[in-house]
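New to this one? Have a look at the model first, and then we can walk through it piece by piece.

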Amino acid sequence: MLRLPGAVAADPTGPDAGVAAHYGDPMREQRTLAETVGLVDRSNRGVLQVPGADRLSWLHTLGSQHLERVDAPTGSELLLLSPHGHIEHHAVLAEFDQAVWLDTEPGAAGALLDFLTSMRFLLRVEPTDVTAGYAVVSLVGPDAPAALARLGVPELGPARVAAVPPAQFATGAVPPAPTSTFPVVALPGGGFARRMPDFGDAAVIDLVLPRPALAELPERLAVPVAGSWAYEALRVAAGRPRFGLDTDHRTIPAEGGLLASAVHLDKGCYRGQETVARVHNLGRPPRRTVLLHLDGIGEQLPAPGTPVLRDDRQVGVVGSAARHYELGPVTLALVKQNVPADAALRIGDANAAIDPDL
């Protein structure tokens, strides 16, 4: 889709290298996604396929999500943690066509495949990197379901994310099913559509489909295209963290805002589960993810990892930053748990304030 008229490539050294940052008017593209519908090229994401009779029980034992009783076709979200509970891998998944499909951040598929391959043992699973053959794009906007219907597929209902239960473990209070369930439907010509959690009023539908289908997709859907800048601005404003940008090597699920969507608090043991249980029961993770509004910032948005200061002392780090068409410059940040919601913060020369509604 970089060949489409007006496409301006994203920074080749940045996290969205390989797709369009915008197609000539990023603010108009944002408004399109927020008010109607647009198609966003996210084909730089990695895609793995895991067929095999043991795939669900195997991933269930490895990761944070309850996957033993997933009915096809269904999507969800999965974390793979270190022994100390830090997030090492994040993937959005779909149980579809006798396989689990995992899509992950650009450049992360190789490391995820290496980990999964190392954990195969004698089980009937065959993890494979299929990024060269399959791509991810996203329909975003209130009219996304209507646009998807032009492909002749059934309507997808909303994604469901369970509320985080009170501090408890192994009580049987949480049903033995994924904490997040994303409806999935087959696409004509191969691949599938998966409904994701909305960005505010904008529906988000991921399409995972053969790469040759990308060229004609905008015409088949009859929707305008939008770049990664527009998608990222809506994602940041919705407070949805992105692995590797809004997390670091020390991030645990309760800090990254992923406890509700990607962690089942009433399943059996998995690597890192002890840390998840302890932090959940204590109710005080060391840090939390917040949305910051920036005032007085210059032309350059702060880069991931930029310090967040309070009274000249570092209390956090910047994650994803964007210029929102209504909110102005905003960023997600990981800040210390004891930072008050009304604290006066600074990022470089800009003032920063925590959004109280997120």
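What follows is a short tour of the cores, a strand with two partners, the salt bridges and a cavity.

Keep in mind that this is a predicted model.

**The cores**

Let's begin with the largest nonpolar core, which has 27 residues. Leu 139, Leu 148 and Leu 207 are the ones that touch the most other members. Which elements each supply at least two residues of this core? They are strand E9 (134-141), helix H4 (144-149), strand E13 (202-210) and helix H5 (217-221). E13 gives the most, with 4 residues.

Try zooming in on Leu 148. Leaving aside residues up to four places away in sequence, Leu 148 touches Leu 139, Val 153, Leu 156, Leu 187, Ala 193, Ile 205, Leu 207 and Leu 221. There is also a second core, separate from that one, with 20 residues. Its members include Leu 78, Leu 93, Phe 115 and Val 125.

**A strand with two partners**

Next up is strand E20, residues 350-354, where the side chains alternate. Ala 350, Ala 352 and Ile 354 point to one face and are buried. Asn 351 and Ala 353 point to the other face and are not buried.

E20 pairs with strand E15 (residues 287-295) in the antiparallel sense, over 4 bridges. It also pairs with strand E19 (residues 345-347), again antiparallel, over 3 bridges. Asn 351 is a handy spot to see this: Asp 295 stands opposite Asn 351, and Asn 351 is the bridge partner of Arg 346 as well. E19 and E20 form a hairpin with 2 residues between the strands, and there Gly 348 takes a positive phi near 65°.

**Salt bridges**

How many salt bridges does a search of the whole structure find? It finds 20. Here are some of them.

| Pair | Closest N and O atoms |
|---|---|
| Arg 120 and Glu 126 | 3.2 Å |
| Arg 194 and Asp 206 | 3.0 Å |
| Asp 198 and Arg 195 | 3.3 Å |

Are Arg 194 and Asp 206 buried or exposed? Both are buried. Arg 194 lies in strand E12 (residues 192-199) and Asp 206 in strand E13, so this pair ties together parts that are 12 residues apart in sequence.

The other two pairs sit in other settings. Arg 120 counts as partly exposed because its relative accessibility is 25%, and Glu 126 is partly exposed too, at 43%. Asp 198 is partly exposed, with a relative accessible area of 36%, whereas Arg 195 is buried, at 8%.

Some salt bridges share partners, and these join Asp 16, Arg 42, Arg 45, Asp 103, Glu 105, Arg 194, Asp 206, Glu 232, Arg 235, Arg 242 and Asp 246 into one network.

**The cavity**

Last stop: a search of the whole structure finds 1 cavity of 30 Å³ or more. About 330 Å³ of space lies in the largest cavity. Of the 26 residues lining it, Arg 42, Arg 45, Glu 105, Tyr 231 and Arg 235 are the closest to its centre. You may recognise some of those names, since Arg 42, Arg 45, Glu 105 and Arg 235 also belong to the salt-bridge network.

Which elements give two or more residues to this lining? They are strand E3 (38-41), strand E6 (87-96), E12, E13 and helix H6 (228-237). H6 gives the most, with 4 residues.

Key: Residues are numbered from 1 along each chain as its sequence is written. This is a predicted model: local features need pLDDT of at least 70, side-chain atom pairs count only at pLDDT 80 or more; totals for chains, interfaces and linings use all residues. Side-chain values use heavy atoms; hydrogens and water are left out. A nonpolar core is a set of buried Ala, Val, Leu, Ile, Met, Phe, Trp, Tyr and Cys residues joined through side-chain atoms within 4.5 Å. Buried means under 20% relative accessible area, exposed over 50%, partly exposed in between (1.4 Å probe, protein chains only). Contact means heavy atoms within 4.5 Å. Two strands pair if DSSP finds at least two bridges between them. A salt bridge is a side-chain nitrogen of Lys or Arg within 4 Å of a carboxyl oxygen of Asp or Glu. On a 1 Å grid over the protein atoms alone, a cavity is a set of points where a 1.4 Å probe fits but cannot get out, and a pocket is an open set with protein on both sides within 12 Å along at least five of seven lines; lining residues have an atom within 4 Å of a point. Grid points are joined across faces, edges and corners, and a volume is the space filled by probe spheres set on the points.
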